[in-house]
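Colleague: I would like to go through the charged pairs and one helix packing in this model. Can you take my questions in turn?

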Amino acid sequence: MRAAPLLLSLALAGCASAPPGEIADPFEPMNRRVHGFNKSLDAAVLRPVSQALAIGQPAEGPGAMEMIGNFGANLALPGKVVNSLLQGRPEPAARNMFRFMVNSTLGIGGLFDLATEDFDLPEVDTDFGETLHVWGVPAGAYLELPVLGPSTQRDLVGDIVDVLLIDPLDGVVHRDVRRAGLAARVLSKAGERAQFGSTLDSVLHESADSYAQTRLLYMQHRQYELNEEGEVIDPYSDE
């Protein structure tokens with residue numbers, strides 16, 4: 001049963017490919033309809049909510065939204081440790097494990113990010129989509145998902161595995177705590193929407209073709225995250 005997501009990813013990722021420098025997007029008509037829904041949702045709900053949450057946040061020190069994000073991110077660290085080990089990268093696995101131990105104890109369950117502030121241990125981000133990339137699984141077709149936004153076939157399977165299967169805390173931390181951590185990670189996205197509001201507004205609501213712009217930025221950023229070969233820059237490096 002646990003091998004099913006990997007087999008699914010292999011099947012999906014082989015469905016579409018594109019020449020170097022181009023984006024495989026055989027589902028563009030469907031993706032554009034989903035993108036239109038996401039734009040409407042952002043304008044009607046996400047942008048107003050993020051602006052409301054940003055009001056009253058302290059100028060110094062962590063606010064409520066940041067603490068919520070810290071809590072959710074901390075519970076996600078053991079899964080990142082597992083992914084780093086699956087990728088054959090013990091050093092980032094050790095760094096994230098030490099980070100988890102510091103923030104879970106001194107950081108009061110992860111509400112405070114003392115690992116970064118006091119120990120200079122920033123999070124080493126990774127996911128099962130990157131693990132599949134390291135194993136040689138191609139990205140497959142570009143997808144835009146309702147609410148979740150841009151992805152690829154490989155990253156979609158990776159997200160499913162990260163949420164449902166890679167859970168080292170299963171049996172160690174109460175299920176309600178893990179669910180609260182997942183909810184905190186979702187809620188923290190509203191804080192990110194407020195933080196990068198002007199950039200997102202320019203892409204979603206001001207560009208001539210917001211779908212093509214979103215697709216290009218996502219794929220460039222993902223290639224940068226995965227350290228793929230070629231001259232790849234981070235499109236968000238100035239933000």
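Colleague: Is R222 buried or exposed?

Modeller: Bear in mind that this is a predicted model. R222 has a relative accessibility of 9%. The cut-off for burial is under 20%. R222 therefore counts as buried.

Colleague: Which residue forms a salt bridge with R222?

Modeller: The closest N and O atoms of the pair are 2.9 Å apart. The cut-off is 4 Å. The partner sits in the loop between α5 and α6, while R222 is in helix α10, 95 residues apart. At 17% relative accessibility the partner counts as buried. The residue is D127.

Colleague: Which residues are joined into one network by salt bridges that share partners?

Modeller: Shared partners link several salt bridges here. The members of the network are D25, E28, R32, D209 and R215.

Colleague: How many salt bridges does the count come to?

Modeller: The rule asks for a side-chain nitrogen of Lys or Arg within 4 Å of a carboxyl oxygen of Asp or Glu. K80 and D125 meet it at 2.6 Å, N to O. By this rule the count is twelve.

Colleague: How many residues apart in sequence are the parts that K80 and D125 tie together?

Modeller: K80 lies in helix α3, residues 64–86. D125 lies in the loop between α5 and α6. So the pair ties together parts whose separation in sequence is 45 residues.

Colleague: Is D125 buried, partly exposed or exposed?

Modeller: Its salt-bridge partner K80 counts as buried, at 12% relative accessibility. D125 has a relative accessible area of 48%. Exposed would need over 50%, and buried under 20%. So D125 is partly exposed.

Colleague: What is the N to O distance in the salt bridge of D113 and R99?

Modeller: D113 lies in the loop between α4 and α5, and R99 in helix α4. Both ends are buried: D113 has a relative accessible area of 15%, and R99 has 7%. The side chains meet at 3.1 Å.

Colleague: How are α3 and α8 oriented to each other?

Modeller: Their axes come within 7 Å and cross at roughly 130 degrees. Roughly perpendicular ends at 115, and roughly antiparallel starts over 145. The angle falls in between, so α3 and α8 are oblique.

Colleague: What handedness does the crossing of α3 and α8 have?

Modeller: The contact includes G69, G72 and A76 of α3 and A180, G181 and A184 of α8. By class it has eleven nonpolar, five polar and two charged residues. The crossing is left-handed.

Technical notes. Residues are numbered from 1 along each chain as its sequence is written. This is a predicted model: local features need pLDDT of at least 70, side-chain atom pairs count only at pLDDT 80 or more; totals for chains, interfaces and linings use all residues. Side-chain values use heavy atoms; hydrogens and water are left out. Helices (H or I, at least four residues) and strands (E, at least two) are DSSP runs, numbered from the N terminus. Buried means under 20% relative accessible area, exposed over 50%, partly exposed in between (1.4 Å probe, protein chains only). Axes are lines fitted to C-alpha atoms, for helices over the stretch in contact, and angles run from 0 to 180 degrees between N-to-C directions. Angles under 35 degrees count as roughly parallel, over 145 as roughly antiparallel, 65 to 115 as roughly perpendicular and the rest as oblique. A crossing is left-handed if the near helix is turned anticlockwise from the far one by less than a right angle, and right-handed if clockwise. Contact means heavy atoms within 4.5 Å. Ala, Val, Leu, Ile, Met, Phe, Trp, Tyr, Cys and Pro count as nonpolar, Asp, Glu, Lys and Arg as charged, and the others, Gly among them, as polar.
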